[in-house]
Amino acid sequence: MKRFWKDLKSHYRYAIYSAKSELKSEVANSYLNWIWWVLEPFCFMLIYAFIFGVVFNASEQYFPVFIFLGITAWDFFNRCLTQSVKLLKNNKSIVTKVYIPKFILLISKMFFNGYKMLFSFAIIVIMVIYFRIPITLNILYVIPIFIVLFVVTFACMTHLMHYGVFIQDLANVTNIVLRMVFYLTGIFYNIEKRLPAKYTGILMKGNPMALVLSGIRKCVLYGQAPDVKWLFIWFIIGIIVAALGIRKIYKNENSYVKVI
């Protein structure tokens with residue numbers, strides 16, 4: 001792990017610069033520029049709010065904000081994982097010409113998607129004010145919850161990036177698995193209210209994204225404390241999985257150049 005921290009300290013500026021460059025290039029030829037980063041999740045929120053709030057008569061309190069919180073956090077997780085699968089192949093010109101710790105590319109993607117997520121959270125602040133949602137000190141739990149989200153996301157990305165070099169169909173498999181997890185995470189419904197108790201415990205403890213979304217909604221919308229115990233457990237799991245992923249990446253750095 002000493003090598004990891006040393007490489008992170010010496011190359012984190014590259015991750016920031018790369019993320020900024022990608023953000024600029026993404027909106028360079030767009031009429032609405034960065035507004036798309038807010039408009040896309042906002043439109044999905046309106047669609048889901050209509051379908052599940054009107055058609056299926058969902059009665060969740062602050063339903064539009066409930067959905068928007070879910071979409072915002074899920075988009076970060078989903079984009080990071082899907083982009084990590086082919087990350088080395090998409091950066092072949094960099095990987096094969098100069099040495100850079102491969103996990104720095106992952107961190108750059110997290111900066112890229114995290115910055116876009118911040119724009120969405122600016123809209124959430126406006127929605128909280130508009131719906132007059134009471135704010136309590138429990139909202140401070142958002143900080144450790146997002147730390148868990150970042151750690152778990154990074155842990156998954158390390159392994160997907162590694163195996164994505166050697167398994168051609170991993171991108172397709174990842175999309176299918178993420179689509180299944182999407183519906184089991186409670187983006188547009190409350191797992192704890194909608195599902196039988198015997199399934200709720202399994203999903204809330206076995207699916208870190210369901211735990212994260214539930215925690216965010218509790219402390220932002222309802223002034224409640226999240227499940228700190230299981231958040232800590234998933235934080236430890238994320239650290240262990242990430243450490244194993246980093247070790248695997250370091251061990252196979254020379255192999256990546258040959259394969260891609």
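I started with the largest pocket: 23 residues line it, and M110, I147, F150, V151 and F154 sit nearest its centre. My terms: on a 1 Å grid over the protein atoms alone, a pocket is an open set of points where a 1.4 Å probe fits, with protein on both sides within 12 Å along at least five of seven lines, and lining residues have an atom within 4 Å of a point.

Note to self: this is a predicted model, where local features need pLDDT of at least 70 and side-chain atom pairs count only at pLDDT 80 or more, while totals for chains, interfaces and linings use all residues. Residues are numbered from 1 along each chain as its sequence is written, and side-chain values use heavy atoms, with hydrogens and water left out.

I looked up the volume of the largest pocket (space filled by probe spheres set on the points, joined across faces, edges and corners) and got about 550 Å³.

Which helix gives the largest share of that lining? Helix 6, with eight residues. Helices here are DSSP runs of H or I, at least four residues, numbered from the N terminus. Helix 1 (2-27), helix 6 (102-130), helix 7 (142-166) and helix 12 (228-251) each put in at least two.

By class I found 22 nonpolar, one polar and no charged residues in this lining. Nonpolar means Ala, Val, Leu, Ile, Met, Phe, Trp, Tyr, Cys and Pro; charged means Asp, Glu, Lys and Arg; the others, Gly among them, are polar.

Next, the second largest pocket, which holds about 280 Å³ of space. Its lining has 14 residues, with W74, D75, N78, R179 and F182 closest to the centre. Helix 3 gives the most to this lining, six residues. I count seven nonpolar, three polar and four charged residues there.
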